[in-house]
Amino acid sequence: MLDTDRTLQIVLELSGTFVFGLNGALTAMEAENLDLVGVVVLAVLTALGGGIVRDVLIGFLPPSALRDWRYLTVAGGAGVIAFVARRLWVRVRVRRLMTVFDAAGLALFCVTGTTVAFVAHLGPFQSAVLGTITAVGGGTIRDVVIRRVPTVLSSGLYAVPAACGAALTALALDFHFYDGYLAVTAALLCFAIRMIGVTFNLNLPTSHPHS
């Protein structure tokens with residue numbers, strides 16, 4: 001990977017780590033009466049969980065989140081910032097902020113996760129699958145920890161936007177037209193689909209057990 005590509009990758013990953021960390025911390029404070037340590041732990045799990053799962057699946061050990069101090073620092077810092085500013089969060093629409101941060105993390109990680117998998121010599125389809133896992137993994141771990149049905153299982157337009165962004169990224173990598181503009185386009189595609197789904201309450205068909 002070229003130096004410019006590596007720099008873009010790091011910027012996207014750290015940005016995704018920060019916004020997912022904020023989302024995890026906000027979710028923790030709304031769902032449970034957690035102390036600072038609890039908030040930071042949930043921020044770190046949300047921000048880094050998907051990437052760790054991806055790295056384990058492709059055999060990249062230790063995972064990037066543990067190799068590079070910046071990931072843990074940014075994730076933990078996001079948790080501390082959210083905790084310190086908790087009174088400010090009360091004055092704004094916290095649920096809306098949580099959704100925006102979640103969509104932003106989803107968008108950034110579907111691109112970076114796909115790129116990491118492709119660089120590891122996986123095919124475009126497998127790379128897109130791992131990019132999707134990277135995007136939804138942290139949020140899934142977050143939901144399990146706070147004892148609620150994971151969003152990826154209950155919201156039709158959660159994994160779908162991530163898969164769309166990952167698929168576009170994988171195609172661009174496979175056909176050699178991936179660059180910074182394409183990365184931003186793929187991330188915006190994922191973000192837009194997710195926010196449209198939330199705004200208009202759009203979902204895939206769901207199962208309804210018979211009473």
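Entry 1, a pair of helices. I began with the rule that an angle under 35 degrees between two helices counts as roughly parallel, while one over 145 counts as roughly antiparallel. I was working with a predicted model, and in it I looked up how helix α2, residues 36–57, is placed against helix α6, residues 94–119. The two pack at an angle of about 20°, and their axes are 11 Å apart. Because 20° is under the limit of 35 degrees, I noted α2 and α6 as roughly parallel to each other. I also noted the handedness of the crossing, which is right-handed where α2 passes α6.

Entry 2, the residues between them. Next I asked myself which residues of α2 and α6 meet. From α2 I wrote down A47, R54 and D55, and from α6 I wrote down F109, T112, G113 and V116. Sorted by character, the residues of this contact divide into 3 nonpolar, 2 polar and 2 charged.

Entry 3, a closer look at T112. I then picked T112, which lies in helix α6, and wanted to know whether this residue is buried or exposed. Its relative accessible area is 0%, and since anything under 20% counts as buried, I recorded T112 as buried. I also looked up what T112 touches when its neighbours within four places in sequence are left aside, and I found Q9, L12, E13 and R54. R54 was already in my notes as one of the α2 residues that meet α6.

Entry 4, backbone exceptions. Before going through the loops I reminded myself that most residues other than glycine have a negative phi, and that most peptide bonds are trans. The peptide bond from L61 to P62 is cis, with omega near -10°, and I located P62 in the loop between α2 and α3, the latter being residues 64–67.

Entry 5, two histidines. I looked up H121 and found a positive phi of about 75°, although this residue is not a glycine. H121 sits in the loop between α6 and α7, where α7 covers residues 124–145. With a relative accessibility of 75%, H121 counts as exposed, because the limit for that word is over 50%. I then turned to H176, which is not a glycine either and has a positive phi of about 65°. I placed H176 in the loop between α9, residues 156–174, and α10, residues 180–199. The relative accessible area of H176 is 72%, so I entered this residue as exposed.

Definitions and conventions: Residues are numbered from 1 along each chain as its sequence is written. This is a predicted model: local features need pLDDT of at least 70, side-chain atom pairs count only at pLDDT 80 or more; totals for chains, interfaces and linings use all residues. Side-chain values use heavy atoms; hydrogens and water are left out. Axes are lines fitted to C-alpha atoms, for helices over the stretch in contact, and angles run from 0 to 180 degrees between N-to-C directions. Helices (H or I, at least four residues) and strands (E, at least two) are DSSP runs, numbered from the N terminus. Angles under 35 degrees count as roughly parallel, over 145 as roughly antiparallel, 65 to 115 as roughly perpendicular and the rest as oblique. A crossing is left-handed if the near helix is turned anticlockwise from the far one by less than a right angle, and right-handed if clockwise. Contact means heavy atoms within 4.5 Å. Ala, Val, Leu, Ile, Met, Phe, Trp, Tyr, Cys and Pro count as nonpolar, Asp, Glu, Lys and Arg as charged, and the others, Gly among them, as polar. Buried means under 20% relative accessible area, exposed over 50%, partly exposed in between (1.4 Å probe, protein chains only).
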